[in-house]
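The following exercises concern one protein chain and its ligands. Please work through each task before reading its solution.

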Amino acid sequence: MTITPADILREVKEKNVTFLRLMFTDILGTLKNVEVPATEEQLEKILNNKMMFDGSSIEGFVRINESDMYLYPDLDTWIIFPWGDENGKVAGLICDVYNPDGTPFAGDPRGNLKRALTHMEATGFKSFNLGPEPEFFLFKLDEKGNPTLEVNDQGGYFDLAPIDSADNTRREIVNVLTDLGFEVEASHHEVAVGQHEIDFKYTNVLEACDNIQIFKLVVKTIAREHGLYATFMAKPKFGINGSGMHCNMSLFNQEGNNAFYDPKGDLELSETAYHFLGGILDHAYNFTAITNPTVNSYKRLVPGYEAPVYIAWAGRNRSPLVRIPASRGKGTRLELRAVDPTANPYLALAVLLECGLDGIERKLDAPAPVENNIYMMSGDERKAVGITDLPSTLHNAVKALREDEVVKAALGEHIYTNFVATKKVEWASYAQFVSQWEIDNYLYLY
Ligand code: ADP
Ligand code: MG
Ligand code: MG
Ligand code: MG
Ligand code: MG
């Protein structure tokens with residue numbers, strides 16, 4: 001679907017749009033926006049890529065000499081939000097960030113993903129597809145409206161109301177998403193109390209990443225309206241599952257066929273699929289800082305809570321890092337299970353695409369699949385079949401990032417440098433903090 005400036009001007013009139021949100025994403029993955037009154041004058045400016053903003057206080061956007069930047073709206077991202085009041089509706093456009101000289105800004109995660117897509121096209125593929133499975137928790141608010149860690153249900157995996165009293169909230173989230181054009185495939189209570197998952201249909205990676213950003217906004221907004229707080233942090237509570245965002249990925253070729261499918265291949269997977277998988281596994285340790293970018297992310301990547309801990313892949317078995325779901329033909333895909341929803345989707349997917357392409361270009365072979373439960377294997381047994389660990393802390397993950405030229409190139413110099421600088425500060429602040437755990441364990445003992 002291609003939306004033209006004329007379509008937008010018409011919808012603004014017909015649907016009584018009074019405000020327009022111009023949205024973009026910073027390096028940490030946070031959706032930012034400038035809200036502009038939808039007057040003719042402003043629309044004219046916006047649609048001609050003349051909307052300027054000061055990038056100097058946006059995380060990871062800082063440059064030395066120059067802070068003026070321009071927002072170029074991607075008209076295909078046009079949405080009218082279902083909230084607003086009798087005075088008028090709020091619409092939105094996701095934008096790319098440009099320099100005053102008309103070149104794409106190197107620190108823009110969305111623009112950076114487009115760079116990876118150019119590489120993919122040069123390699124001969126038509127699209128890189130993503131089907132994300134974001135999980136989140138719904139917590140109660142206190143009297144002051146601040147989030148607590150108290151859940152509002154006692155539900156478990158796939159449970160129904162009345163146990164799952166967040167049912168209505170989730171249903172309304174799905175309704176809103178459907179109105180916004182999402183094709184929701186499933187919505188269910190997750191394993192942990194207070195935890196939910198909503199899956200929407202895969203699409204080309206750029207649109208899918210935009211969808212993730214809008215999805216988070218919708219979930220948080222509707223949760224608030226129901227007196228709840230939605231969080232996408234990776235492990236909000238000790239002792240129960242954390243929230244992941246499994247990424248289902250595939251490449252389509254020029255004919256629009258799934259390049260991972262080969263009815264004659266091992267497990268009906270193509271050479272391309274095995275090379276892509278080889279690339280993902282080869283770089284997995286080094287890209288984890290991008291797919292799992294917070295201190296807290298590593299409290300999810302521990303044994304016993306359905307999150308991956310080891311670098312391995314399997315057909316059916318759900319314990320390893322990469323699983324190949326049973327579906328074949330168009331639905332042939334790799335599912336990467338490490339990613340959590342704190343990842344900046346544009347950065348994570350640019351890196352995953354480049355690592356997969358690296359595997360294809362170097363014709364890397366995937367190691368043998370592991371069909372046993374890896375968590376039941378001893379360290380020696382894992383070692384014998386070449387299974388290694390994912391990084392155990394953000395510190396180790398960021399160190400590894402610095403060793404990997406493919407991952408660095410996928411981020412580009414600007415994003416890489418800013419990301420590492422930000423994460424070093426984050427780690428240092430965490431490492432120096434004295435936590436309650438330490439007081440509980442050491443104060444009386446020593
Ligand atoms: P799980 O069994 O892991 O819970 P889900 O059914 O929740 O998986 O989610 C599967 C996801 O994979 C959906 O978003 C779906 O649209 C997506 N998907 C299906 N086919 C493809 C494909 N060819 N490429 C990428 N994603 C796909
Ligand atoms: Mg799922
Ligand atoms: Mg499912
Ligand atoms: Mg899940
Ligand atoms: Mg899954």
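**Exercise 1: The surroundings of Asn241**

Asn241 is located in the loop that runs between strand E12 (228-231) and strand E13 (245-253); helices (H or I, at least four residues) and strands (E, at least two) are DSSP runs numbered from the N terminus. The model is predicted: local features need pLDDT of at least 70, side-chain atom pairs count only at pLDDT 80 or more, and totals for chains, interfaces and linings use all residues. Residues are numbered from 1 along each chain as its sequence is written, chains are lettered from A and ligands numbered from 1 in the order in which they are written, and side-chain values use heavy atoms, with hydrogens and water left out.

Task: State whether Asn241 is buried or exposed, and which residues it touches.

Solution. Step 1: the relative accessible area of Asn241 is 11%, so the residue is buried (buried means under 20% relative accessible area, exposed over 50%, partly exposed in between; 1.4 Å probe, protein chains only). Step 2: apart from residues up to four places away in sequence, Asn241 touches Phe137, Val191, Ala192, Gln195, Lys235, Tyr305 and Glu306, where contact means heavy atoms within 4.5 Å. Step 3: two of these partners, Lys235 and Tyr305, also form a charge-ring pair, the charged end of Lys235 sitting over the ring of Tyr305 at 3.6 Å from its centre. A charge sits over a ring if NZ of Lys or CZ of Arg is within 6 Å of the ring centre and within 35 degrees of the ring normal. Step 4: Arg21 provides another such case, with its charged end over the ring of Phe81, 5.2 Å from the centre.

**Exercise 2: Aromatic pairs**

Task: How many aromatic pairs does the count come to, and why is the pair Tyr72 and Tyr98 stacked?

Solution. Step 1: apply the rule that rings of Phe, Tyr and Trp (its six-membered ring) pair if their centres lie within 6.5 Å, with planes under 30 degrees apart counted as stacked, over 60 as edge-to-face and the rest as tilted. The count comes to 16 aromatic pairs. Step 2: the ring centres of Tyr72 and Tyr98 are 3.7 Å apart and their planes stand at 5 degrees, so this pair is stacked. Step 3: because Tyr72 belongs to strand E4 (residues 68-73) and Tyr98 to strand E6 (residues 88-98), the pair ties together parts 26 residues apart in sequence. Tyr98 counts as buried, at 19% relative accessibility.

Step 4: for Phe182 and Phe200 the centres are 5.1 Å apart and the planes lie at 90 degrees, so the pair is edge-to-face. Phe182 lies in the loop between helix H4 (167-179) and strand E9 (184-189), and Phe200 in strand E10 (residues 195-200), so parts 18 residues apart in sequence are tied together. Phe182 is buried at 8% relative accessibility, and Phe200 is buried at 3%. Step 5: Phe182 and Phe200 belong to one aromatic cluster with Phe136, Phe215 and Phe232. Step 6: Asn211, in helix H5 (residues 205-225), is in contact with Phe182, Phe200 and Thr203, leaving aside neighbours within four places in sequence. Asn211 counts as buried at 17% relative accessibility.

**Exercise 3: The magnesium sites**

Task: Which residue bridges the magnesium ion (ligand 4) and the magnesium ion (ligand 2)?

Solution. Step 1: list the donors, which are N, O and S atoms within 2.8 Å of the metal (3.2 Å for Na, K and Ca); water is not among the atoms, so sites may look incomplete. The magnesium ion (ligand 2) is coordinated by Glu133 (OE) and Glu197 (OE), at 2.1 Å. Glu133 lies in strand E7 (residues 125-141) and Glu197 in strand E10, so the pair ties together parts 64 residues apart in sequence. Step 2: for the magnesium ion (ligand 4), the protein donors are Glu135 (OE), Glu190 (OE) and Glu197 (OE), lying 2.0 to 2.2 Å from it. Their spacing along the chain is E-x54-E-x6-E. Step 3: Glu197 is the bridge, and the two ions lie 4.3 Å apart. Both Glu133 and Glu197 are buried, as are both Glu135 and Glu197. Step 4: the magnesium ion (ligand 3) is 3.7 Å from the magnesium ion (ligand 2).

**Exercise 4: The two domains**

Task: What area do domain 1 and domain 2 bury between them?

Solution. Step 1: the domain assignment gives domain 1 (5-105) and domain 2 (114-437); such bounds come from an automatic or database domain assignment. Step 2: their centres, taken over C-alpha atoms, are separated by 28 Å. The contact takes 23 residues from domain 1 and 20 residues from domain 2. Step 3: the two domains bury about 1700 Å² between them, 67% of it on carbon and sulfur atoms; buried area is the accessible area (1.4 Å probe) that two parts lose on being put together, summed over both.
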